[in-house]
Amino acid sequence: MSMKLAILGLLLERDMHPYEMMLVMRDRAMDRITKLQMGSLYYAVDQLAKSGQIEQVEIIRSIDRPDKTIYRITGSGKSLFEQLLLQQFRKNDAIFHPMYIALAFSRHVDPDKIAKLLEERIREAEHQVNLAYQVYEEHIPSVSRAALHLMYGKYEHSMTELKWLKRLYSDVRAHRLGDVGEPLDLNVQ
């Protein structure tokens with residue numbers, strides 16, 4: 001569903017071919033905010049075309065490259081887009097971080113092993129923070145405010161993840177995962 005929503009949303013902006021859609025999605029880091037499997041893009045485009053939500057505008061032929069089929073959204077595609085978009089706004093799925101279940105039992109494992117893994121996670125989280133902010137800044141002149149909210153939201157979520165990982169790392173290094181009866185030090189940066 002996310003792929004169809006993304007395709008239809010991009011075609012509301014302008015007519016384009018699937019490869020161009022993929023480039024725009026990557027440029028806007030859409031593959032980092034939702035599960036967009038790029039291999040599914042062509043399949044989703046075919047499904048949308050078969051069901052009449054999008055239609056071919058033209059085919060650009062080239063001797064040395066594969067043909068490029070340019071698509072545009074149809075009236076029924078606009079209706080489907082609105083339906084899919086509103087469904088996403090209604091969703092309120094719980095977030096299950098991959099570390100949550102492990103964290104519940106982590107006091108039973110050597111803290112130094114966990115610390116080493118957290119160091120890697122922190123470096124990756126720092127990279128994600130920088131990347132998210134860069135994507136936001138680069139797109140200020142070219143995307144809608146709604147898209148900017150999305151991009152800045154990704155930055156803020158990345159910052160929260162980084163802060164959480166650093167606080168956890170501090171307790172791991174201090175061998176405090178098994179401690180009971182004290183609140184967390186929320187000032188750890």
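A polar contact is a pair of N or O atoms within 3.5 Å, and within protein one must be able to donate a hydrogen and the other to accept it. The views below show close-ups of a predicted model.

**View 1. Thr 74 and the backbone of Gln 53.** Thr 74 sits in the loop between β2 (68–73) and α4 (75–90). The side chain of Thr 74 reaches the backbone oxygen of Gln 53 at 2.9 Å. That distance falls within the 3.5 Å cut-off for a polar contact. Beyond its neighbours within four places in sequence, Thr 74 touches Gly 52, Gln 53, Ile 54 and Glu 55. Gln 53 thus appears both as a polar partner and in the contact list of Thr 74. Thr 74 counts as buried because its relative accessibility is 12%, and buried means under 20%.

**View 2. His 97 in the loop between α4 and α5.** His 97 is placed in the loop between α4 and α5 (100–105). A polar atom of the His 97 side chain lies 3.0 Å from the backbone nitrogen of Met 99. Leaving aside neighbours within four places in sequence, His 97 contacts Arg 121, Glu 161 and Trp 164. Of these, Arg 121 belongs to the range of helix α6 (residues 111–139). Glu 161 and Trp 164 fall in the range of helix α7 (residues 145–173). His 97 is buried, with a relative accessible area of 13%.

**View 3. Tyr 133 and Tyr 136 within helix α6.** The model holds 6 aromatic pairs. In one of them, the rings of Tyr 133 and Tyr 136 have centres 5.8 Å apart and planes at 50 degrees, so the pair is tilted. Both residues lie in helix α6 (residues 111–139). They are 3 residues apart, about one turn of the helix. Tyr 133 is partly exposed, at 30% relative accessible area. Tyr 136 is buried, at 19%. The value for Tyr 136 is under the 20% limit for buried residues.

**View 4. Tyr 133 and Tyr 152 across two helices.** The rings of Tyr 133 and Tyr 152 have centres 6.5 Å apart and planes at 70 degrees, so the pair is edge-to-face. Tyr 133 lies in helix α6 and Tyr 152 in helix α7 (residues 145–173), so the pair ties together parts that are 19 residues apart in sequence. Tyr 152 is partly exposed, with a relative accessible area of 30%. Ring pairs also bring in Tyr 155: Tyr 133, Tyr 136, Tyr 152 and Tyr 155 are linked into a cluster.

**View 5. A nonpolar surface patch at Tyr 42.** Tyr 19, Leu 23 and Tyr 42 form a nonpolar patch on the surface. Together they offer about 300 Å² of accessible area. Tyr 42 is in helix α3 (residues 41–50). Tyr 19 and Leu 23 fall in the range of helix α2 (18–27). Tyr 42 is partly exposed, with a relative accessible area of 41%.

**View 6. Met 30 and Leu 150.** Met 30 is located in the loop between α2 (18–27) and α3. Met 30 counts as buried, at 19% relative accessibility. Met 30 and Leu 150 are 120 residues apart along the chain. Their C-alpha atoms are separated by 9.6 Å.

Terms used
Residues numbered from 1 in each chain as written. Predicted model: local features only at pLDDT ≥ 70, side-chain atom pairs only at ≥ 80, totals over all residues. Heavy atoms only, no water. Patch = residues over 30% accessible without salt bridge, like charges linked within 9 Å, V, L, I, M, F, W, Y side chains within 5 Å. Areas by Shrake-Rupley, 256 points an atom, 1.4 Å probe, with all protein chains shown as cover. Salt bridge = Lys/Arg side-chain N within 4 Å of Asp/Glu carboxyl O. Helix = DSSP H or I, 4+ residues; strand = E, 2+ residues; numbered from the N terminus. Buried < 20%, exposed > 50% of the residue type's maximum accessible area, 1.4 Å probe, protein only. Contact = heavy atoms within 4.5 Å. Phe/Tyr/Trp six-rings, centres within 6.5 Å; stacked < 30°, edge-to-face > 60°.
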